[in-house]
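The report below takes up a pocket and its lining, then the helices, and then a few residues chosen for their surroundings. Please read it alongside the sequence and the structure.

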Amino acid sequence: MEITVALLYLALAGAFLVVIPAGLYFYLQARWYVASSFERGFMYFLVFLFFPGLLLLSPFLNFRPKRRQIEG
């Protein structure tokens with residue numbers, strides 16, 4: 001019984017700190033510049049809710065905007 005509880009805690013911690021923030025990063029990358037005002041407020045809420053996981057993943061992910069080609 002104790003091992004089941006421990007595994008459940010480990011699974012929930014892994015989801016909260018790694019899995020959901022990783023998915024949130026990709027969601028933010030895809031929708032950041034085209035989101036409506038309601039969706040942007042929802043994004044801010046998700047960032048606030050999963051801030052520890054986003055902070056944990058931030059050194060490994062880099063989502064700078066792509067370089068633009070200037071014709072001239």
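In this predicted model, the largest pocket has a volume of about 340 Å³. Its lining is made up of Tyr25, Leu28, Gln29, Ala30, Arg31, Trp32, Tyr33, Phe63, Arg64, Pro65 and Lys66. Sorted by class, these lining residues comprise seven nonpolar, one polar and three charged residues.

Two of the lining residues of the largest pocket, Tyr25 and Leu28, also appear among the buried residues of helix 1, which are Pro21, Leu24, Tyr25 and Leu28. These buried residues of helix 1 pack against helix 2 (37-49) and against helix 3 (51-57).

How does the length of helix 1 compare with what its number of residues would suggest, and what is the span between its end C-alpha atoms? Helix 1 covers residues 2-31, and because each of its 30 residues is counted at 1.5 Å, the helix should span 44 Å; the C-alpha atoms at its ends are 42 Å apart, which agrees with that expectation. Helix 1 nevertheless bends, by about 45° at Ala15.

Four residues, with their places and relative accessibility, are set out here.

| Residue | Place | Relative accessible area | Class |
|---|---|---|---|
| Leu10 | helix 1 | 59% | exposed |
| Arg31 | helix 1 | 29% | partly exposed |
| Glu39 | helix 2 | 15% | buried |
| Phe50 | loop between helix 2 and helix 3 | 11% | buried |

Glu39, a residue of helix 2, counts as buried because its relative accessibility of 15% falls under the 20% cut-off. When neighbours within four places in sequence are left aside, Glu39 is in contact with Tyr27 and Arg31. Arg31, for its part, belongs to helix 1 and is also one of the residues lining the largest pocket. With a relative accessible area of 29%, Arg31 is partly exposed, because this value lies between the limits of 20% and 50%. Leaving aside neighbours within four places in sequence, the contacts of Arg31 are Glu39 and Met43, while its C-alpha atom is separated by 12 Å from that of Tyr44, 13 residues apart from it along the chain.

Phe50, in the loop between helix 2 and helix 3, is buried because its relative accessible area of 11% is under 20%. Apart from neighbours within four places in sequence, Phe50 is in contact with Phe16, Ile20, Pro21 and Leu24, and of these, Pro21 and Leu24 are listed among the buried residues of helix 1. The C-alpha atoms of Phe50 and Ile20 are separated by 7.8 Å, although the two residues are 30 residues apart along the chain.

Is Leu10, in helix 1, buried or exposed? Leu10 counts as exposed because its relative accessibility of 59% is over 50%. Its C-alpha atom and that of Leu56, 46 residues apart along the chain, are separated by 16 Å.

Key:
Residues are numbered from 1 along each chain as its sequence is written. This is a predicted model: local features need pLDDT of at least 70, side-chain atom pairs count only at pLDDT 80 or more; totals for chains, interfaces and linings use all residues. Side-chain values use heavy atoms; hydrogens and water are left out. On a 1 Å grid over the protein atoms alone, a cavity is a set of points where a 1.4 Å probe fits but cannot get out, and a pocket is an open set with protein on both sides within 12 Å along at least five of seven lines; lining residues have an atom within 4 Å of a point. Grid points are joined across faces, edges and corners, and a volume is the space filled by probe spheres set on the points. Ala, Val, Leu, Ile, Met, Phe, Trp, Tyr, Cys and Pro count as nonpolar, Asp, Glu, Lys and Arg as charged, and the others, Gly among them, as polar. Helices (H or I, at least four residues) and strands (E, at least two) are DSSP runs, numbered from the N terminus. The expected span of a helix is 1.5 Å times one less than its number of residues. The bend at a residue is the angle between axes fitted to the seven residues ending there and the seven starting there. Buried means under 20% relative accessible area, exposed over 50%, partly exposed in between (1.4 Å probe, protein chains only). Contact means heavy atoms within 4.5 Å.
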